[in-house]
Amino acid sequence: MSSRKRSGSGSTKRPKEKVVYIYELLCRGEDPSSESPEFWNEFFLLQPNFEALEAEIGKLNSEQLQMVKPNLNTLFQRCIEMLDTGEDHPKRLCNSLHTLCSLFFGIFKKSNSEPSFNILNEIFGHEKMDEWLKLLMQYCNRILLGDVPENARFMCLKLLQVLVTGTDNVNQNALFEHLMMHSLFDAFVRLLSDPSSRSQHGHDIVILLTILVNYRKHEATNPYVVQLSILADELALNGYGQMISQSLIDFCRQYIQSLNNVQSSSWFSSLSNIVGNMFVSDEGCERVQQIKANNGLLLALYEAVHLNRNFITTLAHTQAESSAPPSPSNTLSLAQPVPDLSNAPIIDITQYPTNLLVAVFQYCSIVMQDNKNESSIANLKLCFLILTCISEDQYANSMMHDSNLTFKVMLHRAQMRHRKLNVDRVGKSQPLAATLLDLLVEFIVSHLMKKFPMELYLLCIGVIHRILCYQKRCRVRLNYPWKELWSALIGLLRFLVNQEQTLVKKCNIFHLSLQVVNIFNLFITYGDTFLATTNSYDELYYELNREEKVFTEIHAMVLRYTTMPECEYKDDVIKLLNALVNILAIVKHFQNKIKEWLAEQGLSTPTEEQILDVVRKNYDLTLKLQDSLDQYERYSETPLHTNFFKVMVRDVVNDTRKHIYGYVKEAISVIPDQEALLSSLNSSAGSTATAAAVPAPTTAAAAATA
């Protein structure tokens with residue numbers, strides 16, 4: 001009786017693929033093409049094995065690399081030659097691009113593992129290599145814009161991503177010089193301008209542009225920086241913005257769904273779920289990884305608002321293509337009956353952002369709830385830098401302050417023990433400047449903690465200052481509940497005074513206090529130019545007097561540090577002392593008037609309205625005119641944020657490389673055979689008598705899309 005082997009026992013060895021056998025021959029220094037003149041044509045019909053080629057290159061030591069160098073050069077050149085036959089042989093075109101991805105990925109990986117040995121120069125460092133790389137860029141340009149299958153365009157963009165993510169530090173990547181000399185910017189713009197191409201390739205293009213822009217950004221002229229800064233093509237800029245807004249809107253939608261999933265449980269269990277599962281300090285947490293995944297597109301947004309003033313115009317009307325439901329005219333055919341919509345679920349579209357700026361505000365409100373890990377803090381800093389650039393732009397400010405351009409924006413607020421959150425998370429319809437102030441106020445009140453994020457607070461206060469400077473300069477009277485902002489700023493000052501002993505050892509609390517006090521001075525000195533009502537002045541003076549203890553304590557703290565001979569923040573201490581003059585004068589003046597009135601009336605506990613009445617009748621005080629309250633230092637990336645962006649770009653490069661690896665490894669198995677697809681489409685179109693009535697795709701790209 002014959003015994004049967006169990007399936008899965010591991011005793012049966014899978015036969016080696018032919019392409020893997022060829023890789024092994026090439027990496028042993030042998031020439032597999034010597035026996036057949038058609039070898040390379042046949043080779044590029046074989047499905048590439050990404051992992052196998054990468055593994056074979058990884059096994060080579062320095063001596064073996066020198067030996068197989070001619071073979072690797074030949075493989076590289078044959079791949080490039082095959083790119084020239086793309087229209088005639090789409091399968092060979094895709095396979096040559098896939099092989100180039102594998103080849104470069106393997107070489108870069110080997111090079112990074114042995115930094116002392118410059119493998120890239122050793123393999124590709126001869127004279128003809130410049131010629132071949134120039135050809136490669138030309139063929140890539142042709143593929144991106146040409147009449148080729150869509151999967152070839154996909155693989156071409158993945159190849160370019162492999163090239164730009166080869167090293168962690170983009171400035172050390174030798175291939176970037178060729179990308180600079182033979183720019184593909186115009187091809188990227190064309191693809192972003194076309195809705196069909198953008199929907200398929202937009203994300204890859206935006207990430208590519210972001211990385212390319214950061215190559216030697218401050219050291220030499222980068223053509224991508226120049227071209228992005230002067231780009232005026234509205235379709236391309238809108239396409240660029242749509243890729244970013246689509247990603248942020250998807251993130252916000254997922255977050256809202258996660259909140260809805262826990263609404264049915266009790267308040268405490270909901271809070272535990274959200275805090276415990278979403279925002280914990282573990283870097284491996286799913287929510288943290290989702291936030292980190294947005295770094296690339298947020299960096300793309302930063303580069304656009306920082307470099308290109310034309311991009312600002314897209315902020316309020318960029319609509320993500322996937323964020324709105326299709327219209328009925330597009331989804332119903334004439335033969336279908338009209339559906340009964342009486343029982344259809346009501347979708348609250350106010351939950352989801354409607355444009356890029358709204359998406360950024362809602363995204364920030366989510367990210368700022370997570371303050372326990374470095375990834376989220378870096379992400380939030382990038383958000384604040386974006387808001388800084390936006391708040392400095394005249395057009396952006398005029399748009400955000402336009403009373404005819406209002407939005408309902410859902411800003412998410414953190415659960416805190418000392419306040420009760422409103423169940424209705426969607427705010428009222430208001431100008432975007434008011435929403436931005438709501439967002440910044442929320443940050444101020446929700447991040448008063450021992451691990452004090454000083455840099456984020458400085459950026460936050462800086463954005464508020466810029467908004468107020470615009471209002472003062474253009475005499476814009478925003479209808480906003482300023483009392484909320486004043487209370488938040490006073491709460492921040494109170495925290496700094498109470499935590500002085502701890503914080504002063506770690507950071508310059510006097511500089512931040514100065515920025516906050518100067519915002520109050522801006523209201524006091526120029527409030528008549530931008531406060532909506534005269535009552536606002538009364539409320540400001542009321543708040544200053546109600547919280548007079550905070551300002552008295554700050555004054556006492558500052559006086560104490562002026563007498564310390566070795567205070568490292570002496571300049572800011574003196575500036576803060578001078579900045580407090582008017583506030584202290586107001587407090588002293590009205591405290592005396594209130595005491596006199598209380599004595600006259602024989603009262604000890606006056607109401608708010610009574611105090612406001614005293615304030616209105618006693619504006620007879622002289623204040624000191626302070627200079628430069630409505631001026632600020634314009635944002636500059638260098639030198640303050642240079643290191644931050646180096647780390648950010650490095651993270652984006654690493655994340656992109658991981659995604660490329662997973663995609664290219666499985667690329668062929670998920671992409672259909674284009675030759676078979678084309679032949680079946682053409683044969684069916686040719687054999688149908690009514691082909692003219694329903695035209696078949698005439699190009700390979702259209703066929704692949706169909």
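1. Let's start with the largest cavity and who builds its wall. Helix α10 gives the largest share of the lining, three residues. Keep in mind as you look around that this is a predicted model. The elements that supply two or more lining residues here are α10 (185-193) and α13. If you want to find the spot on screen, pick out Phe185, Val189, Leu192, Leu209, Leu228, Leu231, Leu237 and Tyr240, which line the cavity.

2. How much space lies in the largest cavity? About 40 Å³. The structure holds one cavity of 30 Å³ or more. Its lining is easy to sum up by class: eight nonpolar residues, no polar ones and no charged ones.

3. Now follow α13, which you just met at the cavity, over to another helix. Helix α13 (residues 234-261) and helix α18 (residues 356-367) have axes that come within 9 Å and cross at roughly 40°. In general, two packed helices are described by the angle between their axes and the distance between the axes. Angles under 35 degrees count as roughly parallel, and 65 to 115 as roughly perpendicular, with the oblique class taking the rest apart from those over 145. That is why α13 and α18 are oblique to each other. Their crossing is left-handed.

4. Which residues in α13 and α18 meet? On the α13 side, look for Gly241, Ile244, Ser245, Leu248, Ile249, Phe251, Cys252, Tyr255 and Ile256. Their partners in α18 are Leu356, Ala359, Val360, Gln362, Tyr363 and Ile366. Sort the residues of this contact by class and you get twelve nonpolar, three polar and no charged.

5. Here's a second helix pair to set beside that one. Helix α8 (residues 150-164) packs with helix α11 (residues 195-213) at an angle of about 20°, and the axes are 10 Å apart. Using the cut-off of 35 degrees, α8 and α11 are therefore roughly parallel to each other. The crossing of α8 past α11 is left-handed.

6. What does the α8 and α11 contact look like up close? From α8 come Glu150, Arg153, Phe154, Leu157, Lys158, Leu160, Gln161 and Val164. They meet Gln200, His201, Asp204, Ile205, Ile207, Leu208, Ile211 and Leu212 in α11. By class, this contact has nine nonpolar, three polar and four charged residues.

7. Next, hop over to the second largest pocket, which has a volume of about 1000 Å³. It is lined by 33 residues, and the closest to its centre are Arg466, His511, Gln515, Tyr632 and Glu633. Which element gives the most to this lining? That would be α22, with eight residues. Helices α22 (454-474), α25 (509-530) and α28 (570-579) each supply at least two. The lining is a mix by class: twelve nonpolar, 13 polar and eight charged residues.

8. Finally, two backbone oddities are worth a click. Most residues other than glycine have a negative phi, and most peptide bonds are trans. Arg216 is not a glycine, yet has a positive phi of about 45°. You'll find Arg216 in the loop between α11 and α12 (223-230). The other spot is the bond joining Thr638 and Pro639, a cis peptide bond with omega of about -5°. Pro639 sits in the loop between α30 (608-616) and α31 (642-670).

How values were computed: Residues numbered from 1 in each chain as written. Predicted model: local features only at pLDDT ≥ 70, side-chain atom pairs only at ≥ 80, totals over all residues. Heavy atoms only, no water. Axes fitted to C-alpha atoms, helices over the stretch in contact; angles between N-to-C directions. Helix = DSSP H or I, 4+ residues; strand = E, 2+ residues; numbered from the N terminus. Left-handed = near helix turned anticlockwise from the far one by under 90°. Contact = heavy atoms within 4.5 Å. Nonpolar A, V, L, I, M, F, W, Y, C, P; charged D, E, K, R; others polar. 1 Å grid on protein atoms, 1.4 Å probe; cavity = no way out; pocket = protein on both sides within 12 Å on 5 of 7 lines; lining within 4 Å. Points joined across faces, edges and corners; volume = space filled by probe spheres on them.
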